[in-house]
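Here is a short tour for a reader meeting this protein for the first time. Keep the structure in view and follow the headings.

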Amino acid sequence: MARRTGRRGRGAAVWRAVERSAVVGAVLCVMSALPTGQVAVAAPEVPSYAFADDVRSAPAATGTTGAARLEPGATYRSSLQDEGKAYYRLELDGGSNVYVSVTAIPRAKATLFAGDGISVSVQDADSTTCSSDSVTVGTARSPQPLTAWGARELLPGKGLCQKAGTYYVVVEHTGTGSGSGSGEEDTGLSAGRPWDLELAPVSEPPLAKAAATSVPEAWDSATPTPPGDEPVPVRGGAGFAEAAAVEQGVRSDEIVPGQTLFYKVPVDWGRQLSATVDLGSADKNSGYVVDALDLTLYNPVRASVKETGTGYGGSQKSASLPPVPPVRYVNRYAPTDPTKSLRFAGSYYLVVHLAAQVAESFGEGPYGVTLRVRLGGSAQAAPGYARQSAPRGFFDVGAPDPEPSAGVGVAGADASGGGTSGGDPTMQAVAVGGIGTGSALLMVLGVWTLTARRRAAAQMRVNAQNPTA
């Protein structure tokens with residue numbers, strides 16, 4: 001037994017030694033192919049928008065006839081052409097509020113104008129507009145996800161759009177369209193390349209018992225002090241469905257020009273959300289970008305609550321959302337936003353965008369961002385819905401999604417900066433080579449590792465045939 005264990009131990013040692021030398025050899029092989037003193041670093045790419053895993057297809061109709069039906073609780077993917085409107089159908093009861101958010105995704109590097117965007121409206125079968133909303137890319141003209149919403153609300157004293165029946169969601173492109181441009185980078189609507197759409201209808205049931213309709217006038221409107229905790233690394237998502245779950249505290253992340261990061265914060269009834277985003281300094285100071293950094297707060301149905309932004313000249317900048325009221329059911333009866341939008345509990349979204357133009361003046365990045373989130377107020381009882389929402393439990397604040405621990409970084413690095421390789425000197429040597437060596441290095445490592453395993457296996461067979469060796 002002891003001798004067999006000894007041979008097994010010797011074979012494992014050979015395996016590890018050969019494999020380790022193979023890894024080091026692969027690193028040296030790839031590094032020697034690079035010019036002296038240089039490391040191949042690919043330019044950061046802007047991740048594409050992340051749709052929900054269970055997204056359904058909903059072809060856009062050019063009129064109400066043949067419009068695809070949207071079911072509250074599901075998420076749909078569609079597209080928007082430059083000319084005309086896109087129609088979708090809703091079959092609604094006479095007791096629920098229904099909200100439909102539409103996120104349009106202009107292609108990366110699209111040539112856009114400040115007025116380019118989308119409008120969304122909900123209409124009944126008699127062409128009555130129940131609600132409408134619109135959004136544009138703004139003066140930055142940076143391609144980014146654009147979210148607008150429509151609703152069929154049942155509110156006391158309103159006689160329009162209150163009945164059960166067929167309703168339509170109407171989506172239209174606004175603005176002048178893409179510049180005339182030329183070449184592959186002209187990816188706007190007028191170049192014949194549609195924008196992708198994500199549609200997310202949600203239904204809110206009525207209350208079991210009638211409640212007050214008066215909105216409290218007094219609330220704490222003082223600007224809160226942002227938390228100053230030690231930042232915990234987090235990786236923002238590339239869409240609403242992939243938003244990273246965060247709570248009160250400080251989170252650190254990275255962003256490249258043209259990228260949009262999504263975070264979600266559970267906000268209970270009676271709580272008051274505030275947030276600040278900090279953008280780190282650049283390696284050089286050249287020029288100035290207006291509207292370089294945007295921070296937008298969306299409510300659970302993805303309706304915009306409040307936004308803020310700042311220009312960038314290469315030095316660190318910070319932008320804070322203006323104070324907003326606590327989340328209360330009666331806020332829906334307020335005459336204006338942002339109070340009107342803070343009408344239900346659930347996941348609120350913080351969306352950060354860094355303008356693509358930042359790369360032209362300050363480099364491709366990535367740039368460090370710090371998100372500071374504070375929750376004021378005190379939790380209150382839910383208003384008491386008569387039945388479940390669609391999706392089920394949508395306006396509840398349950399157990400939060402797990403967050404990365406303080407010891408895990410954006411790219412899997414541990415708190416000491418050693419990365420996932422731990423104390424293995426070989427893997428640290430690989431890390432020294434830089435992530436920029438990319439897939440080429442991974443392919444070479446794969447070949448060397450396979451060869452090493454075969455050599456080790458051959459050596460073990462030799463040892464087995466010669467027990468006295």
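## A strand with two partners

Strands β16 (residues 289-298) and β17 (residues 304-312) pair in the antiparallel sense, with 7 bridges between them. Within this pairing, L295 has T308 of β17 as its bridge partner. The two strands form a hairpin with 5 residues between them. There, R302 takes a positive phi near 70°. The model shown here is predicted.

Strand β16 also pairs with strand β19 (residues 346-354). This pairing is antiparallel too, and 6 bridges make it up. In it, D294 stands opposite H353 of β19. Strand β16 is mostly covered: of its 10 residues, 8 are buried. In a regular strand, side chains alternate between the two faces of the sheet.

## The protein as a whole

How many helices and strands does the protein have? The secondary structure comes to 4 helices and 20 strands. The protein has 469 residues, and 44% of them count as buried.

Contacts between residues with a separation of 6 or more can be split by distance along the chain. Of these, 74% come from residues 24 or more positions apart. The surface can be described as well. The protein exposes about 22,900 Å². Carbon and sulfur atoms supply 51% of that area.

## One disulfide

The structure holds 1 disulfide. Its partners are C130 and C161, with sulfur atoms 2.1 Å apart. The angle about the S-S bond is -90°, and the link is left-handed. C130 lies in strand β7 (residues 129-136), while C161 lies in the loop between β8 (146-152) and β9 (165-174), so the disulfide ties together parts that are 31 residues apart in sequence.

Are the two cysteines buried or exposed? C130 is partly exposed, with a relative accessible area of 23%. C161 counts as buried, at 7% relative accessibility. The cut-off explains the two labels: buried means under 20% relative accessible area, so C161 at 7% falls below it, whereas C130 at 23% does not.

## Salt bridges

Side chains of opposite charge can pair when their charged atoms come close. The structure holds 10 salt bridges. One of them joins the side chains of R89 and E91, at 2.9 Å from N to O. Both residues are partly exposed: R89 has 24% relative accessibility, and E91 has 31%.

## A network around D93

Which residue does D93 meet in a salt bridge at 3.9 Å? The partner is R152, with the distance taken from N to O. This pair links distant parts of the chain. D93 sits in the loop between β4 (85-92) and β5 (97-105), and R152 sits in strand β8, 59 residues apart. D93 is partly exposed, with a relative accessible area of 36%. R152 is buried, at 1%.

D93 also meets R387 in a salt bridge, at 3.5 Å from N to O. This pair links distant parts of the chain as well, with D93 and R387 294 residues apart. R387 lies in the loop between β20 (367-377) and α3 (425-432). At 42% relative accessibility, R387 counts as partly exposed. Salt bridges with shared partners join D93, R152 and R387 into one network.

Technical notes:
Residues are numbered from 1 along each chain as its sequence is written. This is a predicted model: local features need pLDDT of at least 70, side-chain atom pairs count only at pLDDT 80 or more; totals for chains, interfaces and linings use all residues. Side-chain values use heavy atoms; hydrogens and water are left out. A disulfide is a pair of cysteine sulfur atoms within 2.5 Å. Buried means under 20% relative accessible area, exposed over 50%, partly exposed in between (1.4 Å probe, protein chains only). Contact means heavy atoms within 4.5 Å. Accessible areas come from the Shrake-Rupley method with a 1.4 Å probe; for residues, only the protein chains shown count as cover. A salt bridge is a side-chain nitrogen of Lys or Arg within 4 Å of a carboxyl oxygen of Asp or Glu. Two strands pair if DSSP finds at least two bridges between them.
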